[in-house]
Amino acid sequence: MLSTKASIKLCSPTQAALLSRSVTPLLQQSALTYAGLRPLTEQHNVAIRHFSSSPAPHLKDWFPRKETEHIRRTLPAWPHHGYTEQEMLSVVPEHRPVKTWGDWTAYKFVKLCRWGMDVSTGLRDVPKVDPATGKTVMVPRILNESQWLIRFIFLESIAGVPGMVAGMLRHLHSLRKLKRDNGWIETLLEESYNERLHLMTFMRLCEPGWFMKTMILAAQGVYFNGMFLSYLISPKITHRFVGYLEEEAVHTYTTAIEQIEAGHLEKWSSQEFEVPEIAINYWRMPEGKRTMKDLLLYIRADEACHRGVNHTLSNLNADEDPNPFVSEYKGERQAPSPIAKATGFERNEVM
């Protein structure tokens, strides 16, 4: 005969406590883990990894420093040239007007890529009532820190491709044609290196999951081959494409900075937040200027430089013209600064 009484003692108090500690973090982090990014819970006091659920002893160092018997550290091949505070604060989203069919093709493809990125990362415009005018305006959706990092990592993982592809092809062209490159290769490879440093910095703030790694692998494969064919066909259109792409990067980082200033990203505004050491060393960030906002100001300034460089290179004769940004000018004239002109310099301005 079956008893009609059900036992309510399913487990001991000790077992219940262990079960609670195991299940609660999973419920809190399931959404972000599905997106490919594991956030850091408050109980883990980890200085260099602010968005990871792994305890400190189990965190994977994606870019470990090689310890040897005699070498203390390896310095960057291209030390950062640095910016003044005014240069960083003066960067704003700007757009070079479309003038040719090549410009139109590059711009439309960039807008398509931007649309796909916005949809996949959630940074879509949403309606909001302007308190000053009472009118409804469209503004970027507010993201949290983890959502921004997903966008940053995916963006930077492919942003380092164009410079490397262009530099590689120009290097091979120089060898094959037995002629000088006139300074383009170094600038393009430095751009690629700079973008990779952006990625390495963000990798110190999060730990990608399998979904993010798969997306990066697929995107890099498609993007590399696309850039390879594009540069072989038309370096001019390819540099214009990259210039427009960097315009969107400046826009993205400007939006993130504005959301920090508006107080929407509390973790990045916290006094306890620490910028990764790799960023401090690379940009030589001074004491008192090591917040997340300061870091994004440096990165946005880098993207603004790439914007100016690629728009300018698109205006030049890729086979004959020297690179104006590394050239020594006659008389008292100084080499142009790419951050100074968002739309790029015209050929008659630098040649």
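This short presentation covers salt bridges and one helix packing in a predicted model.

Good morning, colleagues. I begin with the charged pairs. The structure holds 14 salt bridges in total, and I shall go through three of them.

The first pair for us today is Arg240 with Asp103. Their closest N and O atoms are 2.9 Å apart, and the two residues form a salt bridge. Where do Arg240 and Asp103 lie? Arg240 belongs to helix 8, which covers residues 235-261, while Asp103 belongs to helix 3, residues 101-121, so this bridge ties together parts of the chain that are 137 residues apart in sequence. Both Arg240 and Asp103 are buried.

Please turn next to Arg151 and Asp118. Here too the side chains meet in a salt bridge, with an N to O distance of 2.8 Å. Arg151 sits in helix 4, residues 145-159, and Asp118 sits in helix 3; with their positions 33 residues apart in sequence, the pair links distant parts of the chain. Are these two residues buried or exposed? Arg151 is buried, and Asp118 is buried as well.

My third pair is Lys179 with Glu320, whose side chains meet in a salt bridge at 3.9 Å, N to O. Both partners are found in loops: Lys179 in the one between helix 5 (161-177) and helix 6 (184-203), Glu320 in the one between helix 11 (292-315) and helix 12 (347-350). The bridge therefore ties together parts that are 141 residues apart in sequence. As for accessibility, Lys179 has a relative accessible area of 31% and is partly exposed, whereas Glu320, at 51%, is exposed because the cut-off is over 50%.

Some bridges also share partners. In this way Lys111, Arg114, Asp118, Arg151 and Glu248 are joined into one network.

I now move to the packing of helices. In general, two packed helices are described by the angle between their axes and the distance between the axes. For helix 4 and helix 7, the latter being residues 210-233, the axes come within 9 Å and cross at roughly 30 degrees. Angles under 35 degrees count as roughly parallel, so that term applies to helix 4 and helix 7. The crossing of helix 4 past helix 7 is right-handed.

Which residues make the contact? From helix 4 they are Ile150, Ile153, Phe154, Ser157 and Ile158, and from helix 7 they are Met212, Met215, Ile216, Ala219, Gln220 and Tyr223. Sorted by class, this contact comprises 9 nonpolar residues, 2 polar residues and no charged residues.

Thank you for your attention.

Conventions:
Residues numbered from 1 in each chain as written. Predicted model: local features only at pLDDT ≥ 70, side-chain atom pairs only at ≥ 80, totals over all residues. Heavy atoms only, no water. Salt bridge = Lys/Arg side-chain N within 4 Å of Asp/Glu carboxyl O. Helix = DSSP H or I, 4+ residues; strand = E, 2+ residues; numbered from the N terminus. Buried < 20%, exposed > 50% of the residue type's maximum accessible area, 1.4 Å probe, protein only. Axes fitted to C-alpha atoms, helices over the stretch in contact; angles between N-to-C directions. Parallel < 35°, antiparallel > 145°, perpendicular 65-115°, else oblique. Left-handed = near helix turned anticlockwise from the far one by under 90°. Contact = heavy atoms within 4.5 Å. Nonpolar A, V, L, I, M, F, W, Y, C, P; charged D, E, K, R; others polar.
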